[in-house]
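These are my notebook entries from going through one structure. I set down what I looked up, in the order in which I looked.

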Amino acid sequence: VSIGGLALALAAQDTVKNLIGSVMIFFDRPFQIGDWIIGDTFEGKVVEVGFRTTRIQNLDSSIVAVPNGNLANISVQNLGVRVFRLLDVKLGIKYDTPPQKIEWFLEGLKKLVHTHPFTNKELFHVRLFDMADFSLQVLYRVAIKTDNYDEELRIREELLLGAIRLAAALG
């Protein structure tokens with residue numbers, strides 16, 4: 001009887017682990033259906049939270065079923081709860097660019113941020129950042145106020161094209 005009990009306990013170990021993981025997910029609520037999450041081996045939108053697994057839809061629309069016991073034991077980044085999105089790039093400037101033009105470029109980038117309707121006016125950085133091997137580096141970090149990925153891409157494009165136009169206008 002004791003060997004049979006041991007065999008049953010070992011066989012049920014994963015089931016119990018996933019059940020406890022499910023309870024932890026339901027009570028802690030680290031994510032909800034519709035949130036975009038990133039884990040060690042997956043990234044996608046949560047489409048279902050079940051008792052044994054959580055189903056996540058990847059970018060290519062395939063579904064990954066992750067055991068809840070595993071989810072309870074790993075670090076999960078929840079992008080679905082972000083208040084803003086982040087444009088975070090470094091723009092290269094030629095070393096022979098006159099300092100006055102660099103200052104005008106920095107001021108122009110700041111003006112782009114201040115005039116764009118979907119940027120956070122307090123959460124941005126535009127600074128001459130580094131002297132890299134082949135160019136001076138300008139940090140262009142802007143908080144974008146949106147929760148929609150397509151809109152984020154459109155705003156990023158507007159801000160980057162604005163920087164390119166400004167650089168062209170300044171020569």
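**Entry 1: strand β8 and its partners**

I began with a single pair: Leu87 has Val142 in β8 as its bridge partner. I noted at this point that I was working with a predicted model. I then looked at the whole pairing and found that β6 and β8 are antiparallel, joined over nine bridges.

Next I asked which residue stands opposite Val142 in the pairing of β7 with β8. I found Phe124 there. The pairing of β7 and β8 is antiparallel as well, over eight bridges. Further along, I recorded Val138 in β8 as the bridge partner of Leu128. Four residues lie between β7 and β8, and the two strands form a hairpin.

I also checked whether β8 is mostly covered or open. Eight of the nine residues of β8 are buried.

**Entry 2: the nonpolar cores**

I looked up the largest nonpolar core, which has 20 residues. Leu91, Leu109 and Tyr140 touch the most other members. I then listed the elements that each supply at least two residues of this core: β6 (85–93), α3 (99–115), β7 (119–131), β8 (136–144) and α4 (149–170).

I followed Leu109 in detail. Leaving out residues up to four places away in sequence, I found that Leu109 touches Leu91, Val126, Val138, Tyr140, Ala163 and Leu166. A second core, separate from this one, holds eight residues, among them Ile25, Phe31, Phe42 and Val66.

**Entry 3: the five-stranded sheet**

I turned to an open sheet of five strands and wrote down its order as β4-β3-β2-β1-β5, with antiparallel pairing. The edges are β4 (63–67) and β5 (77–78), each of which pairs on one side only.

Within this sheet I examined β1 and β2. Strand β1 (residues 36–38) runs antiparallel to β2 (residues 43–49), and three bridges join them. I noted Gly44 in β2 as the bridge partner of Ile37.

Ser61 drew my attention in the loop between β3 (53–57) and β4. Its phi is near 75°, a positive value in a residue other than glycine. I noted for comparison that most residues other than glycine have a negative phi. Ser61 has a relative accessible area of 48%, so I recorded it as partly exposed.

**Entry 4: the surface**

I looked for nonpolar side chains on the outside and found a patch of Val83, Phe84, Leu86 and Leu123, with about 360 Å² of accessible area together. Leu123 belongs to strand β7. Why is Leu123 classed as partly exposed? Its relative accessible area is 42%, and the class runs between 20% and 50%.

I then checked Ala169, which is in helix α4. Ala169 counts as exposed because its relative accessibility is 66%, above the 50% cut-off. I also recorded a separation of 9.6 Å between the C-alpha atoms of Ala169 and Phe105, which are 64 residues apart along the chain.

**Entry 5: salt bridges**

I counted six salt bridges. One of them joins Glu48 to Arg55, with the closest N and O atoms 4.0 Å apart. Both ends are partly exposed: Glu48 has a relative accessible area of 38%, and Arg55 is at 31%.

In α3, the side chains of Glu107 and Lys110 meet in a salt bridge at 3.6 Å, N to O. The two residues are three apart in the helix, so about one helical turn separates them. I recorded relative accessibilities of 48% for Glu107 and 21% for Lys110.

In α4, Arg154 and Glu158 meet in a salt bridge at 2.7 Å, N to O. They are four residues apart, about one turn of the helix. Arg154 is partly exposed at 35%, and Glu158 is partly exposed at 33%. I also found that Glu151, Arg154 and Glu158 are linked in a network of salt bridges.

**Entry 6: the chain as a whole**

I closed with the totals. The chain has four helices and eight strands, in the pattern α-β-β-β-β-α-β-β-α-β-β-α along the sequence. Of its 171 residues, 32% are buried. Among contacts between residues at least 6 apart in sequence, 55% join residues at least 24 apart. The chain exposes about 11,100 Å², of which carbon and sulfur atoms supply 59%.

Definitions and conventions
Residues are numbered from 1 along each chain as its sequence is written. This is a predicted model: local features need pLDDT of at least 70, side-chain atom pairs count only at pLDDT 80 or more; totals for chains, interfaces and linings use all residues. Side-chain values use heavy atoms; hydrogens and water are left out. Two strands pair if DSSP finds at least two bridges between them. A nonpolar core is a set of buried Ala, Val, Leu, Ile, Met, Phe, Trp, Tyr and Cys residues joined through side-chain atoms within 4.5 Å. Buried means under 20% relative accessible area, exposed over 50%, partly exposed in between (1.4 Å probe, protein chains only). Contact means heavy atoms within 4.5 Å. Patches are made of residues with over 30% relative accessible area and no salt bridge: like charges are joined within 9 Å, nonpolar side chains (Val, Leu, Ile, Met, Phe, Trp, Tyr) within 5 Å. Accessible areas come from the Shrake-Rupley method with a 1.4 Å probe; for residues, only the protein chains shown count as cover.
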